[in-house]
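Biologist: Could you take me through one part of this model in detail, namely the metal site and the residues that hold it? I would like the cut-offs behind each term spelled out as you go.

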Amino acid sequence: MNYNLKKYESEIRKRIGEKRFLHTIRVRDTSIELAKIYHVDVEKAEVAGFLHDCAKIKDKGCLIKKAKENGLLLTREMQKAPQIIHSYLGALFANKFYGIEDEDILNAIAYHTTGRANMSDLEKIIFLADYIEPMRNFDGVEKARELAKKDLDAAMYFALNNTLKFLVERDRYIVPMTVLARNFYKEIDT
Ligand SMILES: [Fe+2]
Ligand SMILES: [Fe+2]
């Protein structure tokens, strides 16, 4: 499959803003790097990394309006944790506007924020690339980078655990799928 995403670049750049766009470029490059280590299709990693935040519209009202316009079903979880909406909407946009039909790419975009149990290698790569791209700066990022290059499952466990800690500390709502993902990777990690 030959993906030609160049022609959508300016549209995406305009939709998500310059700062977020530069993040997507870094995530794309990090995804490529990880794909090479784990012998995952580099082109799929490039496409999924590039598109993972293609629906990350800053303004919440505008994001929800777009979601409704495009027929995305807003679940209870999405209403409680609106930061997850852009992932599902991103997968929808990738399919509807950017010609992506590959299920693995679409799932990698859809689950890049929450994670889920039993992810494919591509899904893990996009999740982790988003987590460790070079401009990320938080406690534990170095450890996450090191693990991501050594063991995808161990890196997933570390990242999910850290994310949950972050959410608990800030008293935020936690999407059950992230807890299920964390338990899944705890069990295969140990
Ligand atoms: Fe995102
Ligand atoms: Fe992102």
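Modeller: The iron ion (ligand 2) has as its protein donors His23 (NE2), His52 (NE2), Asp53 (OD) and Asp130 (OD), at 2.2 to 2.3 Å from the ion, where donors are N, O and S atoms within 2.8 Å of the metal (3.2 Å for Na, K and Ca), and water is not among the atoms, so sites may look incomplete. This is a predicted model, in which local features need pLDDT of at least 70 and side-chain atom pairs count only at pLDDT 80 or more, while totals for chains, interfaces and linings use all residues. Residues are numbered from 1 along each chain as its sequence is written, chains are lettered from A and ligands numbered from 1 in the order in which they are written, and side-chain values use heavy atoms, with hydrogens and water left out.

The angles among the 4 donor atoms of the iron ion (ligand 2) run from 79 to 174 degrees, and the site is irregular; four donors would count as tetrahedral if all angles lay between 85 and 135 degrees, four as square planar and six as octahedral if opposite donors were over 155 degrees apart and all others between 65 and 115, and anything else is irregular. Along the sequence, the donor residues of this ion follow the spacing H-x28-H-D-x76-D. His23 in helix α2 and His52 in the loop between α3 and α4 are 29 residues apart, a pair that links distant parts of the chain; helices (H or I, at least four residues) and strands (E, at least two) are DSSP runs, numbered from the N terminus. Both His23 and His52 are buried, that is, under 20% relative accessible area, whereas exposed means over 50% and partly exposed in between (1.4 Å probe, protein chains only).

Asp53 bridges the iron ion (ligand 2) and the iron ion (ligand 1), which lie 3.4 Å apart. For the iron ion (ligand 1), the protein donors are Asp53 (OD), His86 (NE2) and His112 (NE2), lying 2.1 Å from it, and their spacing along the chain is D-x32-H-x25-H. Here too distant parts of the chain are linked, with Asp53 in the loop between α3 (42-51) and α4 (60-69) and His86 in helix α6 (residues 85-96), 33 residues apart. Asp53 counts as buried because its relative accessibility is 2%, and His86 likewise counts as buried, at 4%.
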